[in-house]
Amino acid sequence: MHRDYYGSVIGGKELPQARAEVMESIDPATGAVLARIQRSGADIAAEAVDNAQASFPGWRDADGAERGRAMRRLSDILLKNLDLLAYLESVDNGKPLREAESDVRLAAGYYEYYGGIADKIHGETVPLGPAFHSYTKVEPFGVTVHIVPWNAALQQAARGVAPAIAGGNVAVVKPAEDTSMAVVEFARLAVEAGVPPGVINVVTGLGAEAGSALVSHPRVRRIAFTGSVPTGQSVLRASAEHLSPVTLELGGKSPNVVFADADLDAAAAGSLTAINFNAGQVCMAGSRLLVQASVHDQFVSRLAELDRAVTLGRGLDNPGMGPMTTEKQFRKVLEYMDIGRSEGAEVVVGGGAASVEGLENGRFIEPTIFVNVRNDMRIAQEEIFGPVLSVIPFEDEDEAIAIANDTPYGLTAGLWTRDLSRAHRVAGQIDAGQVSINNYFAGGIRTPFGGYKASGFGREKGPDAVYHYLQTKTVSIQL
């Protein structure tokens, strides 16, 4: 179902392979080459920005209802092509097909949701007294750039592009070089849905080449980046040259706190989902599990039993967990397992690479649980981005809060308790952009999302996300 070649899409047309060198996209479950991806350089990046800029006035000046209709058509066409897009995401990323299908539905949901907001964007009247008439207008920035990671390329592109174009901006998307296929296919479908060519362009290539050229381009007026802290810092430095505002959604080392009074069966199942979803390759992953000491041992036993039952395999076969997406990430996770052991942590289950019959060249990691973990250990402080869980005991509420906040990150958190007062009290004291109670991945398109501290700044999702892509102008008239 996939093609042999995927190139940058500019003005609604995919660039021919002859325009640049190519890279290989590797199936993480088999090690086989899936396709060749265009390795665009600064020239193609500049072409994409110029083309988007040329498309901007027409899209900006279109009636909001017209923009909304085009976006809702795009939502519909994504769902009609769900099988193709989910297949591409699954083989490219390695995630189970059901997770890839969920990603496609979520991407479609963004265009439906923000398509409904596109004709409801307006300013305000400001009362300055009878001698003046003063009002505000909200206006788009122009060309926006969206640099998205490899763990959920299609839906994370939608998360930024949908509110941007709803407000009249145009977008250039740079997917990760490891997972570009579904995003390229999406750009083709956008034109088919009636989004004018150039409103959404896609530039494939390496971050150090295509990505760097995009964030440094003087015509780029707004940037959204999701990825690692060091790369986010580089993006921020580059954006300073032209003072382009940036939204950064960076890493996490999120606490998932289980109190003794919780529904322990639900908490165990939820805690495993929090760390094993997409093989732990999620910035929100609940990678630090804080368990009240009185139930620690029995809770860890439940977790270990559940983890041992997780099946590994090719994403298209819908296993419990798929492979690591990239070779670099596979090696990194294995290295952290060695670090954990050297620090004195104990492996309860997992602890290394996994062998899957028929997929000997796949990048599979065993779901892993470490106990005897102190919060100052590297495996408790540094983002591993894999199915590696660090379990840390605590005695009381104050200690749980102190451990939860003792990290450079502040992206998300989970709480498990039957005590309603405790739930609100602890949620209010945890340094995180979002807190889920008696669930872990609660929320969705309508709830604001973003981080505290080293997890970044700015908010995506929710109705206010549109206004992050708009500038306010005040007009005052003396009567």
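A residue counts as buried when its relative accessible area is under 20%. That cut-off serves throughout this tour of a predicted model.

**Stop 1: E249**

Select E249, which lies in strand β12 (residues 246–249). UniProt, in an unreviewed entry, places the feature "active site" at this residue. Is E249 buried or exposed? Its relative accessible area is 2%, so E249 is buried.

Next, display the surroundings of E249. Leaving out residues up to four places away in sequence, E249 touches Q156, R159, F225, T226, G227, C283, L411, F449, S455 and E460. Of these contacts, the one with R159 deserves a closer view: a polar contact of 2.8 Å joins the side chains of E249 and R159.

**Stop 2: strand β9 and its partners**

Select residues 170–174, which make up strand β9. 5 of the 5 residues of this strand are buried, so β9 is largely enclosed by the rest of the structure. In a regular strand the side chains alternate between the two faces of the sheet. In β9, V170, V172 and K174 are on one side, A171 and V173 are on the other, and both faces are covered.

Add strand β8 (residues 143–147), which pairs with β9 in the parallel sense over 5 bridges. Within this pairing, I147 stands opposite K174. To follow the connection, select helix α5 (residues 153–166): the chain passes from β8 through this helix to β9 in a right-handed β-α-β crossover.

Now add strand β10 (residues 200–202), which runs parallel to β9 and is joined to it by 3 bridges. Here V173 stands opposite V202 of β10. Helix α6 (residues 181–192) completes a right-handed β-α-β unit with β9 and β10.

**Stop 3: S180**

Select S180, in the loop between β9 and α6. With a relative accessible area of 1%, S180 is buried. Neighbours within four places in sequence aside, S180 is in contact with I37, D92, P175 and T204.

**Stop 4: the seven-stranded sheet**

Move to the open sheet of 7 strands, whose order is β15-β16-β17-β14-β13-β19-β20 and whose pairing is mixed. Which strands form the edges? They are β15 (346–349) and β20 (434–437), each of which pairs on one side only. Direction ignored, neighbouring strands in this sheet are turned by 25° against each other on average.

Within the sheet, select strand β13 (residues 255–258) together with strand β19 (residues 412–416); these run parallel and are joined by 3 bridges. The bridge partner of V257 in β19 is L415.

Then display helix α11 (residues 327–342), which packs on the sheet and touches β15, β16 (368–371) and β17 (388–394). The direction of α11 makes about 20° with that of β16. Helix α13 (residues 397–405) also packs on the sheet, where it touches β13, β14 (288–292) and β17. The direction of α13 makes about 145° with that of β17.

**Stop 5: the buried residues of α13**

Finish with α13 itself. Which of its residues are buried? Select E397, A400, I401, I403, A404 and N405 to see them. Among the elements that cover these buried residues are β13, β14, β17, α14 (420–429) and β21 (452–453).

Notes. Residues numbered from 1 in each chain as written. Predicted model: local features only at pLDDT ≥ 70, side-chain atom pairs only at ≥ 80, totals over all residues. Heavy atoms only, no water. Buried < 20%, exposed > 50% of the residue type's maximum accessible area, 1.4 Å probe, protein only. Helix = DSSP H or I, 4+ residues; strand = E, 2+ residues; numbered from the N terminus. Pairing = 2+ DSSP bridges. Right-handed = clockwise from strand over helix to strand, strands pointing away. Axes fitted to C-alpha atoms, helices over the stretch in contact; angles between N-to-C directions. Contact = heavy atoms within 4.5 Å. UniProt positions renumbered as here; feature names shortened; annotations may be inferred. Polar contact = N/O pair within 3.5 Å; in protein donor to acceptor, adjacent residues only side chain to side chain.
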